[in-house]
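Q: I should like to learn how to read a ligand site and an aromatic pair in a structural model. Could we work through one example together?

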Amino acid sequence: MGLRSSQREFHRVVAIDGPAASGKSSVARELAGRLGFIYVNSGAIYRAITWYLLEKDINAEDTDRIAQALESAAITCCIQASESRILVDNVDPAAHLRDDRVNESVSRISRLPLVRQIVGQKLHERARSDDLVVEGRDIGSVVFPQTPYKFYVDASPEVRLRRRAAQGERDEIVLRDHADFSRSVSPLVIAEDAYVIDTSHLAIEAVVNKIMARLKQMGLQIWRCRD
Ligand code: CDP
């Protein structure tokens, strides 16, 4: 398939990209369960790094301190119940990943090339040992451009705002989207070979069914499929 040599050893990767509150997480988790693949939320890694820097009182503009802090931090991705989890210096920040202050800062931290490089490396390491469903912003376009299995899930801004409000979160998704679409490094784009699904009027199950149908049509071999 003409893979670059450094990427030849990757297992299969299904990329699910899209803007905030488009339904990526629910779709990706359910899809991974049906395929028997590991579910990886790349946003959670950006959020964990953001949480760690906030805990250390380092602000998003202080790139020298960020580089220093991340150089000495142990960032570990492990698997629990078929999902990837992230530990920073042996602490699991899962309970804090959706705190207001993390929502406010994550897009400013995740635009830094060093941070993107660290997360990209973690995702590549994971793909060397497992089949993955990975959700994010640049998974099909930058992190795993060689995978043929690329999906872009979207929904109207009104629907996305409503979904996030229903989760009880204070999250300025319009600002975050703007930052994610307009940054110079790995902006949120629709990969040209991605299959686009508008989830505005679709239930999670219907979206997952569409993706499963497309994967089967593309010839993805599924050994442990749960329909
Ligand atoms: O759940 P939601 O879609 O709101 O966000 P998320 O997937 O948890 O991602 C949080 C933030 O991390 C995004 O707004 C992006 O700034 C950043 N991110 C990124 O830059 N690249 C990714 N592959 C995933 C997330």
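The dialogue below takes up the ligand site and then the aromatic pairs.

A: Please note at the outset that this is a predicted model.

Q: Where does the ligand sit, and how many residues surround the ligand?

A: The ligand occupies the largest pocket. Its surroundings comprise 20 residues, of which K24, R47, R164, R176 and D180 are the closest.

Q: Which polar side-chain atoms lie at what distance from an oxygen atom of the ligand?

A: A polar contact is counted when two N or O atoms are within 3.5 Å. For K24, a polar side-chain atom is 2.7 Å from a ligand oxygen, and for R116 the corresponding distance is 2.9 Å. An N or O atom in the side chain of D180 lies 2.6 Å from an oxygen atom of the ligand. Taken alone, the ligand exposes 520 Å², and 99% of that is buried by the protein.

Q: Which elements give two or more residues to the shell around the ligand, and what is the shell's make-up by class?

A: These elements are α2 (42-55), α4 (100-110) and α8 (173-182). The most is given by α2, with four residues. By class, the shell consists of ten charged, five polar and five nonpolar residues.

Q: How is a pair of aromatic rings described?

A: One states the distance of the centres and the angle of the planes. There are two aromatic pairs in the structure. In one of them, the ring centres of F10 and F144 are 5.4 Å apart and the planes stand at 80°, so the pair is edge-to-face. This pair links distant parts of the chain, 134 residues apart: F10 belongs to the segment before β1 (13-17), and F144 to the loop between α6 (139-143) and β6 (150-154).

Note on methods
Residues numbered from 1 in each chain as written. Predicted model: local features only at pLDDT ≥ 70, side-chain atom pairs only at ≥ 80, totals over all residues. Heavy atoms only, no water. Near = heavy atom within 4 Å. Polar contact = N/O pair within 3.5 Å; in protein donor to acceptor, adjacent residues only side chain to side chain. Areas by Shrake-Rupley, 256 points an atom, 1.4 Å probe, with all protein chains shown as cover. 1 Å grid on protein atoms, 1.4 Å probe; cavity = no way out; pocket = protein on both sides within 12 Å on 5 of 7 lines; lining within 4 Å. Sits in = over half its atoms within 2 Å of the grid points. Nonpolar A, V, L, I, M, F, W, Y, C, P; charged D, E, K, R; others polar. Phe/Tyr/Trp six-rings, centres within 6.5 Å; stacked < 30°, edge-to-face > 60°.
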